[in-house]
Amino acid sequence: MGNAAAFFRRPQSWNSSWVVVGGNRFYARSRWEANYARFLEWQRAKGTVVSWEHEPETFWFDGIRRGVCSYLPDFKVVLADGAVEYHEVKGWMDAKSITKLKRMAKYHPTVRLVLIDSPKYQALERKMKKEVPGWEIPTPLPKKRAIVVPPSAPKQKS
């Protein structure tokens with residue numbers, strides 16, 4: 001009969017996969033993350049970003065013994081003026097993600113963290129999807145087709 005869990009699993013809308021962007025091969029956990037890397041590479045080519053790396057550095061929360069004790073931002077970005085930022089692409093925020101961001105602010109207050117949440121990503125996508133080479137757009141789900149059952153012919157009285 002097969003694996004029932006696999007049968008009932010919803011299709012992945014986030015498309016995690018290995019990607020190559022600007023000569024960097026990395027595992028993108030979502031289409032948004034892969035597109036954001038393409039955007040950073042586009043900015044690098046334009047000169048507004050000097051370099052970017054995917055998940056190069058883990059930040060530890062000293063003294064935390066339970067729960068979230070570290071944080072791995074999606075991207076380290078070096079800007080043209082030499083400033084370093086860490087960018088996090090988040091389509092949705094769960095309790096663990098909120099805790100990570102709060103602890104990051106508390107334990108590493110000098111680190112500049114830029115959150116690319118759903119509204120920011122959607123705005124970026126609208127503006128940049130035709131500008132940035134290789135930008136992936138979501139594949140529309142097939143439309144559900146209604147099954148039309150013709151009405152039965154009225155029965156004639158005999």
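The buried residues of helix α3 pack against three strands, namely β4 (59-60), β5 (70-71) and β8 (112-116), where contact means heavy atoms within 4.5 Å. The structure described here is a predicted model, in which local features need pLDDT of at least 70 and side-chain atom pairs count only at pLDDT 80 or more, while totals for chains, interfaces and linings use all residues. Residues are numbered from 1 along each chain as its sequence is written, and side-chain values use heavy atoms, with hydrogens and water left out.

**Overall make-up**

The secondary structure of the protein comes to 4 helices and 8 strands, these being DSSP runs numbered from the N terminus (helices H or I with at least four residues, strands E with at least two). Along the sequence they follow the pattern α-β-β-α-β-β-β-β-β-α-β-α. Of the 158 residues in the protein, 30% are buried, a term that stands for under 20% relative accessible area, with exposed meaning over 50% and partly exposed in between (1.4 Å probe, protein chains only). The protein exposes about 11800 Å², of which carbon and sulfur atoms supply 55%; such areas come from the Shrake-Rupley method with a 1.4 Å probe, and for residues only the protein chains shown count as cover. Among contacts between residues at least 6 apart in sequence, 52% join residues at least 24 apart.

**Helices α3 and α4**

Helix α3 (residues 95-107) has 13 residues, which at 1.5 Å a residue should span 18 Å, and its end C-alpha atoms are 18 Å apart, which agrees; the expected span is 1.5 Å times one less than the number of residues. The buried residues of α3 are S97, L101 and M104. They cover an arc of only 60° around the axis, which puts them on the same side of α3, the arc being that of the directions from the helix axis to the C-beta atoms. An α-helix has 3.6 residues a turn, so residues three or four places apart point the same way. On the other side of α3, the exposed residues are A95, K96, K102 and K106.

In helix α4, the buried residues are Y121, L124, E125 and M128. They lie on the same side of α4, because their arc around the axis is only 100°. What covers these buried residues includes α2 and β8, whereas the face of α4 turned away from its buried side carries the exposed residues P119, R126 and K127.

**Aromatic pairs**

A search of the whole structure finds 11 aromatic pairs, counted where rings of Phe, Tyr and Trp (its six-membered ring) have centres within 6.5 Å, with planes under 30 degrees apart called stacked, over 60 edge-to-face and the rest tilted. Two of them are set out below.

| Pair | Centre to centre | Angle between planes | Class |
|---|---|---|---|
| W32 and Y121 | 4.2 Å | 15° | stacked |
| Y36 and F75 | 5.7 Å | 50° | tilted |

The pair of W32 and Y121 links distant parts of the chain, with W32 in helix α2 (residues 31-46) and Y121 in helix α4 (residues 118-128), 89 residues apart. Both W32 and Y121 are buried. The pair of Y36 and F75 also links distant parts of the chain, here helix α2 and strand β6 (residues 75-79), 39 residues apart. Y36 counts as buried at 4% relative accessibility, and F75 counts as buried at 0%. Ring pairs further link F26, Y36, F39, W42, W52 and F75 into a cluster.
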